[in-house]
2 protein chains.
Amino acid sequence: MKISILGTGSVGQALAGRLSGLGHEVVMGTRDVAATLARTTPDGWGNPAIGTWAVANPQVKLATYAEAAAFSDSIIIHAMNGNAAIDSLKQAGEANLSGKILIDITNPLDFSKGFPPSLFISNTDSLGEQIQAAFPDLKVVKSLNTMSNPVMINPAAVPGDHTVFVNGNDADAKETVMDLLKSFGWEDRNILDLGDITMSRGVEMILPLWVRIYGKIQTPFFNFNVNIAPKA
Amino acid sequence: MKISILGTGSVGQALAGRLSGLGHEVVMGTRDVAATLARTTPDGWGNPAIGTWAVANPQVKLATYAEAAAFSDSIIIHAMNGNAAIDSLKQAGEANLSGKILIDITNPLDFSKGFPPSLFISNTDSLGEQIQAAFPDLKVVKSLNTMSNPVMINPAAVPGDHTVFVNGNDADAKETVMDLLKSFGWEDRNILDLGDITMSRGVEMILPLWVRIYGKIQTPFFNFNVNIAPKA
């Protein structure tokens, strides 16, 4: 497939590498391609800057948000920081998004007051819902936002069963996303479809716990499992 | 031990039954003992009303919040609805609470707009923190609020490993609470101490996901597990 990824940070890089490894053609979207490629300072976690990463991964092309969105034949992955999420889609342009599936990994994390972050949307609304409302012709499927990027692309990085949540309004779009998840190694039994896009509230609101657990255990190699007793 | 439980709903009943079965003396606190004992209509989930339950469990006495708090020799369990949480403690009275451990199971759930509920405190504050701030001489330990009451008192109700979170400012109080959890059957490896009382934000904010999962799978016999990869 021709898959585009909006966002060139560590989440976007991990997904781009994984998808191209699976044989997909991948284009990453960014605001200013030249400025993005000029970045070579690793982030605070030691992840390579996108300029360095792009040299090592020449099969993945960078383009503007609009070019990247136009390139996708079906799936666009939304790997932006939450505070730039809506704007990246505006720049991508409705015509380039219409009818396509957006796998929305964004979280409304507000680091402006330091760590741990709060959420800038929560409780009675969610970023997933705001994106769907702003782009009604886009099929928004929220998923993968509740774990670190090494776990997203390789669930075997965490032993045993653990859960990836999926929610969105379009059943066919969710099926397509679940197929992509399975290609990453996710088992059917560990994919939990919660329902429509309003369910984004629940999955976005576990991020505050996620970051606290991360702070406590000091490894990104963990995930939540929903452990359910078999019905009697 | 002499343990008191504030709240006579299904959570309070489950804990009172379990604790008295373990040999503890248990008193449940309520606003108006006579009015509480007069309730005999089961709740919407089919749980017995407290009046019916009390007849079947004569070893557990009902008392006012103040009498119940005074009865406790160390541990008070806070099994109130979130919107009555602070008021129950005001009625219990600071003198009866001072120096004691409060196991705070309350959640700031707001059902006023129907299901699923939102939270009436979240994100930059929590009910656990508000309780600790209002009663500084109480050793508030948040725990057990992230699961259904049959799972709280019997973790074996859900197969495999799954997590109970603990957080609070007093290390000794947390140890006492963890010992009580172990007496319910919780294994050391499944008890995750997140840190101080501000960590209540994280564990209270997963309730919106909890209620959505419950709505989806239609059984209270589930729990979150934090599945962590062993360090390399």
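Okay, helix H7 of chain B, residues 127–134. This is a predicted model, by the way. Which residues of H7 are buried? They are B:Leu127, B:Gly128, B:Glu129, B:Ile131 and B:Gln132. So we have a glutamate and a glutamine on that list along with the leucine and the isoleucine.

And what do those buried residues pack against? Quite a list, still within chain B: strand S4 at 75–78, helix H5 at 85–92, strand S5 at 101–104, strand S8 at 139–143 and helix H10 at 200–204.

Staying in chain B, let's go to B:Thr219. You'll find B:Thr219 in the loop between helix H11, 207–217, and strand S11, 222–228. Is this threonine buried or exposed? Its relative accessible area is 8%, and buried means under 20%, so B:Thr219 counts as buried. Now, what does B:Thr219 touch, once we leave aside the neighbours within four places in sequence? There's B:Tyr214 from its own chain, and then A:Ile228 and A:Lys231 from chain A. One more thing on this residue: B:Pro230 is 11 residues away in sequence, and the C-alpha to C-alpha distance between B:Thr219 and B:Pro230 is 31 Å.

Right, over to chain A. Strand S10, residues 191–195, is mostly covered, with 5 of its 5 residues buried. Its partner here is strand S9, residues 164–168, and S9 and S10 of chain A run parallel, paired over 4 bridges. If you want a spot to click on, A:Val166 sits opposite A:Asp193 in S10. As a reminder, side chains in a regular strand alternate between the two faces of the sheet.

Let's zoom out to the whole of chain A. We get 11 helices and 11 strands. The radius of gyration is 17 Å, close to the 17 Å the globule rule gives for 232 residues, so chain A is as compact as a globular protein of that length. The C-alpha atoms fill a box of roughly 55 × 40 × 35 Å along the principal axes.

How much of chain A is buried? Buried residues make up 58% of the 232. For contacts with a separation of 6 or more, 72% come from residues 24 or more positions apart.

On the outside, chain A exposes about 9,100 Å², and 52% of that comes from carbon and sulfur atoms. For the electrostatics people, chain A carries 17 positive and 22 negative side chains. The centres of those two sets lie 5 Å apart.

That's my tour, thanks.

Definitions and conventions: Residues numbered from 1 in each chain as written. Chains lettered and ligands numbered in written order. Predicted model: local features only at pLDDT ≥ 70, side-chain atom pairs only at ≥ 80, totals over all residues. Heavy atoms only, no water. Helix = DSSP H or I, 4+ residues; strand = E, 2+ residues; numbered from the N terminus. Rg over C-alpha atoms; globule rule 2.2 N^0.38 Å. Buried < 20%, exposed > 50% of the residue type's maximum accessible area, 1.4 Å probe, protein only. Contact = heavy atoms within 4.5 Å. Areas by Shrake-Rupley, 256 points an atom, 1.4 Å probe, with all protein chains shown as cover. Lys, Arg positive; Asp, Glu negative; His and termini not counted. Charge placed at Lys NZ, Arg CZ, Asp CG, Glu CD. Pairing = 2+ DSSP bridges.
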